[in-house]
Amino acid sequence: MLEVCGVASPEELFSHLPEAVRLARPLNLPPGISEYEIVDYFRARADENLAGFTSFLGAGVYRHFRPVLVDTVVSRGEFLTSYTPYQAEIAQGTLTTIFEFQTMICQLTGMDVANASMYDGSTAVPEAAMMAARVTGKGRALIARSAHPEYREVLRTYARYQGMPVEEFGYLSETGTIDLEDLERKMDSLTGAVIIQSPNFFGIVDQVKAAAEIAHRRGALLVVVFTEAVSLGILEPPAEADIVAGELQSFAISPSYGGPYAGIIATKEKFIRQMPGRLVGQTVDSRGNRAFCLTLATREQHIRREKATSNICTNQALIALMAAVFMTVYGKQGLRELAEQNLAKAHYLAAKFPPRFQGKFFNEFVARVEGRTPEELNRALLKHKIIGGLPLGRFYPELADSMLLCATEMSRRTDMDALVAQSATLPAAKEVLA
Amino acid sequence: MITKVRNHPSQNEALLFERSSPGKKAYQLPALDVPPVDAAEALGAANVRAGIEGFPEVSEVEAIRHFTRLSTWNYAIDHGMYPLGSCTMKYNPRINELVARIDGLAWSHPYQPEALAQGSMEVMARVEAALAEITGMDAVTLQPAAGAHGELTGILLIRALLEKRGNPRKKILIPDSAHGTNPATAAIAGYMVQNIKSSDTGVLDVSALDQIVDRDVAALMVTNPNTLGVFEHNIIQAAEILHKKGAMLYMDGANMNALVGIARPGDFGVDVMHLNLHKTFSTPHGGGGPGAGPVAVKKAFEPFLPAPRLKRSARKWTWDYKRKHSIGRVKAFYGNFGVLVRALAYILAHGGEGLRNATVDAVLNAVYIRKQLEPYFDLPYSSPNMHEVVFSDHRQAALGVHTGDIAKRLIDYGFHPYTVSFPLIVHGALMIEPTETEGKLELDEFVGAMISIAKEAETEPQLVKNAPYGTRTSRVDEVAAARKPVLRWKP
């Protein structure tokens, strides 16, 4: 090969680089190690994470069982090691699964069209806000304080540099649902997007219809966000929304310390051309057989460049495939049963931990911690190998005495009973009072 | 002659919705160990949906057959060479998949207490340190989810620093050879895009750059090596021109596979750059993601990096949220952790020397292809290439055969096509990137196929124009798909 290349050594291949840019020393990284040592290294790191705890954390990332079929399918090299399906003739596998994925997301959300995925739920929110701005010609966005705090932070980062003012509206302290009067008050003729989450960050089924009515009356689009996709197995889909921006982590995607997950944007047919992200469409091949291909690419950066609807290129295809396999395995009947189990478990727990808000909740709820701070309770629980709920003071100073508790089909009754028992034994509180 | 493949039957398969029948199921749930709850009562009757209309109902065997059959309709790196230029389709080691699925990592929740996440945080710290060493930069954020997301983060960092200095400025300069994500990113970050022409040799024209850069220019976004696979040898001068006028140099690290261990952007004047871990660092493309797009910066930008930042205090890792100059979050939580685990496995397996060897092999492979194919295809730029080579269809187009046709014919020969019609500065581009993955046998097979197609273009152009023939799906009508979009199945 060197002879064909006309060089005496591989080093000569780099001789055209200016001396000043060349790295004159080896990289300061340890020598390569074997497979066995790599596994050992990561097992050791996993042990430092102290696995084996029972957890009641939700807050946008949920512990759901991952059906075995999911990894079986996504581990197939044909899916794992292929590229974005630009060459349709040899990518019908990926293209067909994405088409099915788009269809299932539509069925689930009540929308007409869904894209092939966004990075995650948090980045789907600014993409939805920018899309609403394109549709309405109005750049201001109003987002509910009861939407995921980190999603709101991401929206602010994106909006800040685009002359897109973002304001928040409140929630009602009795019900935990959005404050419609506050929303009404903050609406103006420059608002293009009203963004709410349902079930919201407090786990409460929020007022999609009422929010839609207010948004539409003032010429804005309603964006409905979801973080707990399993809820759609039992909850009425947000059909009044103009855009649905969601996170599919619940569909067989491991928590994996925050990613990779898969977001989606779904919308009404009339807004298709303003959508961000890839879309797969049905067509035929030259023999007349049904075939699929990437389509409407004139919205996308590789064609439209600075006029594109988004800069997104790589998305979360393999993760979306996990979600597609999950939806297939559970199917019509299973997703309902799964949602019912989540509902039952969370309500079992809530009977022992009275919820702070009266709103209807799905599989997580806010509970007030009596006699000590949620952080103190959590420290006590850790001694019993229990990770309690998420203390809310970090995101909501007014809820500093509360935590967000989540129960899923993986929360066993015995574990919930242990949580209740350990939370009730209150030596710390007595000491504090004394 | 086609030597790499021959046909065998592939299974037909209907869509899930077409093969569903009521009552079939592929799931099992444990018996409920708490009292059931009446949904209408718990949620309000108006909030409870009827069944999900059209949702699949198949058995477990049907489910696995469905996805397995579909998978066989894909080409993949595991089948053979995947020479997509700019995409760095290298082998995805399976050890990466195994370690990413270790329970204590895969099931770690982003909100679990820091004391119970030290292993995950250590992994991230190690990735940050390795990428800083590889790029010669001072600090790294792992938050961005993919390359374009990293670009956006990087440009926002530049904007934040310039704003702090009193003026965010108005324009981003982008060479005409750039990836489409660059101008799209600049626009999202609130900048105007000014395209600049490459020189006759396909690189930055520094004297022209000197004329263009003024106090309105925030940064130049440059890919190095550029999309022709050519190293921007004037990069140090370009950086000086920019820095003299208070502008920044942003590097798109999509082509970093040509530089690891050889040259470091931090040493040649780059201020901010992103990396694509799903390219250079072997994490799988998965049919279009997930990726990870870490951003590496010089010291001056560190205060602006997305919050939270990893911080070492008293022998343990913590997350530092108190960062008043931060541009804010670009993503919930901390980044695509599972992708970072895979990339670290790759870095550990190779070590410093192994990473450099990979680069050398990647460049050797690309130069070898260039030398072998130069007699048959037009090479519009003769500058020395690195990890990829770009030909044009100039000669074949004269016979009515275009780059897209050659690409489709390559499928019949058992290869995935190269990147078609990009970069835009080459008319009818064939952009070929073999990566270090390929050995001489596969490369020779590829070269043979390309030469054979070049000959077919001369003797039987129609044969090439109507390809592919050997695939279960023949040429797909993309125009019809866009004209009347059908984006979901309906009964």
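Where does helix α11 of chain B bend, and by about how many degrees? Good morning. The structure before us is a predicted model, and I shall begin with that helix. Helix α11 of chain B bends at B:Gly351, by about 95°.

The length of the helix may be considered next. It covers residues 337–373 of chain B, and its end C-alpha atoms span only 41 Å. A straight helix of 37 residues, at 1.5 Å a residue, would span 54 Å. As for its surroundings, α11 of chain B is mostly covered, with 29 of its 37 residues buried.

Helix α14 of chain B, residues 440–459, may be examined in the same manner. Its 20 residues should span 28 Å at 1.5 Å a residue, and the end C-alpha atoms are indeed 28 Å apart, so expectation and model agree. Buried residues of this helix include B:Leu443, B:Phe446, B:Val447, B:Met450 and B:Ile453. A general remark helps in reading such a list: an α-helix has 3.6 residues a turn, so residues three or four places apart point the same way. What covers the buried residues of α14 in chain B? The covering elements include α11, the helix with which I opened, together with α12, α13, β12 and α15 of chain B.

I turn now to the domains. Chain B is divided into domain 1 (16–71), domain 2 (95–348) and domain 3 (359–478). The centres of domain 1 and domain 2 of chain B, taken over C-alpha atoms, are separated by 42 Å. In chain A, the assignment gives domain 1, made of 54–65 and 332–433, and domain 2, which is 68–326. Here the C-alpha centres of domain 1 and domain 2 lie 28 Å apart. Across this boundary in chain A, 32 residues of domain 1 are in contact with 33 residues of domain 2.

My next topic is the aromatic residues. How many aromatic pairs does a search of the whole structure find? Over all chains, there are 27. In one of them, the rings of A:Phe201 and A:Phe395 have centres 6.1 Å apart and planes at 90°; the pair is therefore edge-to-face. A:Phe201 lies in the loop between β5 and α9 of chain A, and A:Phe395 in the loop between β13 and β14, so the pair ties together parts 194 residues apart in sequence. Both residues count as buried, A:Phe201 at 1% relative accessibility and A:Phe395 at 14%.

A second pair is formed by A:Phe202 and A:Phe357, whose ring centres are 5.1 Å apart and whose planes stand at 40°, so this pair is tilted. A:Phe202 lies in the loop between β5 and α9, and A:Phe357 in the loop between α11 and β11 of chain A; the pair therefore joins parts 155 residues apart in sequence. A:Phe202 is buried, with a relative accessible area of 0%, and A:Phe357 is buried as well, at 6%. These four residues belong to one aromatic cluster, which also includes B:Tyr111 and B:Phe333 of chain B.

Rings also meet charges in chain B. The charged end of B:Lys4 sits over the ring of B:Phe415, 4.3 Å from its centre. Similarly, B:Lys25 lies over the face of B:Tyr27, at 4.5 Å from the ring centre.

I close with a single residue, A:Gln341, in helix α11 of chain A. Is A:Gln341 buried or exposed? At 5% relative accessibility, A:Gln341 counts as buried. Among the residues it touches are A:Glu409 and, from chain B, B:Leu29, B:Pro30, B:Ala31 and B:Leu32. Thank you for your attention.

Technical notes:
Residues are numbered from 1 along each chain as its sequence is written. Chains are lettered from A and ligands numbered from 1 in the order in which they are written. This is a predicted model: local features need pLDDT of at least 70, side-chain atom pairs count only at pLDDT 80 or more; totals for chains, interfaces and linings use all residues. Side-chain values use heavy atoms; hydrogens and water are left out. Helices (H or I, at least four residues) and strands (E, at least two) are DSSP runs, numbered from the N terminus. The expected span of a helix is 1.5 Å times one less than its number of residues. The bend at a residue is the angle between axes fitted to the seven residues ending there and the seven starting there. Buried means under 20% relative accessible area, exposed over 50%, partly exposed in between (1.4 Å probe, protein chains only). Rings of Phe, Tyr and Trp (its six-membered ring) pair if their centres lie within 6.5 Å; planes under 30 degrees apart count as stacked, over 60 as edge-to-face and the rest as tilted. A charge sits over a ring if NZ of Lys or CZ of Arg is within 6 Å of the ring centre and within 35 degrees of the ring normal. Domain bounds come from an automatic or database domain assignment. Contact means heavy atoms within 4.5 Å.
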